[in-house]
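Hi,

Here is the structure I said I would pass on to you. Have a look at it first, and then read on for my notes.

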Amino acid sequence: FGTLNKLILYWESDSAVVWPLDTGWFMLATADDESSNDFVTVFNPTKEKGVPCLVLWVGGFDAVLKEDESDDEILQDAMNSLTAMFPSISNPDTVFFTRWNSEVNFRGSYSFATAGREFASDAAVLKESIGGLWFAGEATNEDGWHSTTVGAWQSGEDVAKSISKSLVLLGPQRPGGVNGLTAQGRE
């Protein structure tokens with residue numbers, strides 16, 4: 001799994017907006033050396049959300065390293081990038097940084113194709129149900145949307161349809177749950 005962390009910034013006042021509202025993405029070009037900033041990709045959902053906000057992205061090994069920094073260090077790094085793009089930008093009122101690699105239940109935030117492997121084949125294996133246990137998520141999407149929220153959503157819908165279809169095929173339920181299974185196990 002790969003890691004893509006996001007720094008979500010909110011401002012309370014509309015007067016804080018010093019970036020173009022009609023531009024969805026901003027990119028900062030920096031030197032490819034130690035002086036380069038980690039936050040060079042910025043998403044602008046201000047118009048859609050109706051509140052001043054920006055989402056800065058950091059991915060790969062840099063995202064993992066960033067998780068060891070304090071929130072203040074991360075914000076300072078981000079503000080260095082933002083002031084390079086928008087010199088009059090103020091510090092945000094609310095800051096949240098994801099730390100997906102540190103989350104023990106996730107250890108990353110997305111799947112990705114690996115050299116020498118066929119992603120679609122791996123996804124097909126990952127989404128195979130085991131008895132009454134079904135799997136969904138972006139890593140199971142075979143339609144080119146793996147690694148995305150769209151892929152997770154689509155795979156969830158696909159699994160929900162499969163479950164619904166299998167329940168219809170089962171017909172009326174016996175007392176005690178599906179095929180004699182209850183929350184405590186077999187009858």
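Below is what I found in it, going from the whole chain down to single residues.

One thing before you start: this is a predicted model, so please read everything here in that light.

**The chain as a whole**

You have 187 residues in front of you, and 28% of them are buried. The chain holds 5 helices and 7 strands. If you walk along it from the N terminus, the elements come in the order β-β-β-α-β-α-α-β-α-α-β-β. Of the contacts between residues at least 6 apart in sequence, 58% join residues at least 24 apart. The exposed area comes to about 11900 Å², with carbon and sulfur atoms supplying 56% of it.

**The sheet**

I'd start with the open sheet, which is made of 5 strands in the order 2-3-4-1-5 with antiparallel pairing. Strand 2 (25-27) and strand 5 (94-97) are the edge strands, so to speak: each of them pairs on one side only. From one strand to the next, the twist averages 20 degrees.

Strand 1, residues 4-10, is joined to strand 5 by 4 bridges, and the two run antiparallel. Within that pairing, I8 stands opposite F96 of strand 5. Helix 3 (residues 71-85) packs on the sheet and touches strands 1, 2, 3 (41-43), 4 (53-59) and 5. The direction of helix 3 makes about 70 degrees with that of strand 1.

Strand 1 also runs antiparallel to strand 4, and here 7 bridges join the two. If you want a spot to look at, N5 stands opposite V58 in strand 4. Strand 4 pairs with strand 3 as well, again in the antiparallel sense, over 3 bridges. There, F43 has V55 in strand 4 as its bridge partner. Strand 4 is mostly covered, with 5 of its 7 residues buried.

**The core**

Now for the inside. The largest nonpolar core has 22 residues, and the ones with the most contacts inside it are L7, F39, L54, L56, L82 and I89. Strand 1, strand 4 and helix 3 are the elements that give two or more residues to this core. Which of them gives the most? That is helix 3, with 6 residues.

L7 is a good residue to click on. Leaving out residues up to four places away in sequence, L7 touches F39, L54, V55, L56, I74, A78, V95, F96 and F97.

**Aromatic rings**

A search of the whole structure turns up 5 aromatic pairs. One of them is W11 with W19, a tilted pair at 5.0 Å centre to centre and 50 degrees between the planes. Both W11 and W19 are buried.

Another pair is F26 with F86. Why is this pair called edge-to-face? The ring centres are 5.1 Å apart and the planes stand at 80 degrees, and the cut-off for edge-to-face is over 60 degrees. This pair links distant parts of the chain: F26 sits in strand 2, while F86 is in the loop between helix 3 and strand 5, 60 residues apart. Are these two buried or exposed? F26 has a relative accessible area of 9% and F86 is also at 9%; buried means under 20%, so F26 counts as buried, and F86 does too.

There is also an aromatic cluster, formed by W25, F43 and W57. You have met F43 already, as the residue whose bridge partner in strand 4 is V55.

**Two more residues to look at**

S155 lies in helix 5, which covers residues 149-170. With a relative accessible area of 4%, S155 is buried. S155 touches A136, G137, E138, T140 and N141, again not counting residues up to four places away in sequence.

E48, by contrast, counts as exposed, at 63% relative accessibility. You will find E48 in helix 1 (residues 46-49). The C-alpha atoms of E48 and L21 are separated by 9.7 Å, and the two residues are 27 apart along the chain.

That's what I have for now. Over to you!

Terms used: Residues are numbered from 1 along each chain as its sequence is written. This is a predicted model: local features need pLDDT of at least 70, side-chain atom pairs count only at pLDDT 80 or more; totals for chains, interfaces and linings use all residues. Side-chain values use heavy atoms; hydrogens and water are left out. Two strands pair if DSSP finds at least two bridges between them. Axes are lines fitted to C-alpha atoms, for helices over the stretch in contact, and angles run from 0 to 180 degrees between N-to-C directions. Contact means heavy atoms within 4.5 Å. Buried means under 20% relative accessible area, exposed over 50%, partly exposed in between (1.4 Å probe, protein chains only). Accessible areas come from the Shrake-Rupley method with a 1.4 Å probe; for residues, only the protein chains shown count as cover. A nonpolar core is a set of buried Ala, Val, Leu, Ile, Met, Phe, Trp, Tyr and Cys residues joined through side-chain atoms within 4.5 Å. Rings of Phe, Tyr and Trp (its six-membered ring) pair if their centres lie within 6.5 Å; planes under 30 degrees apart count as stacked, over 60 as edge-to-face and the rest as tilted.
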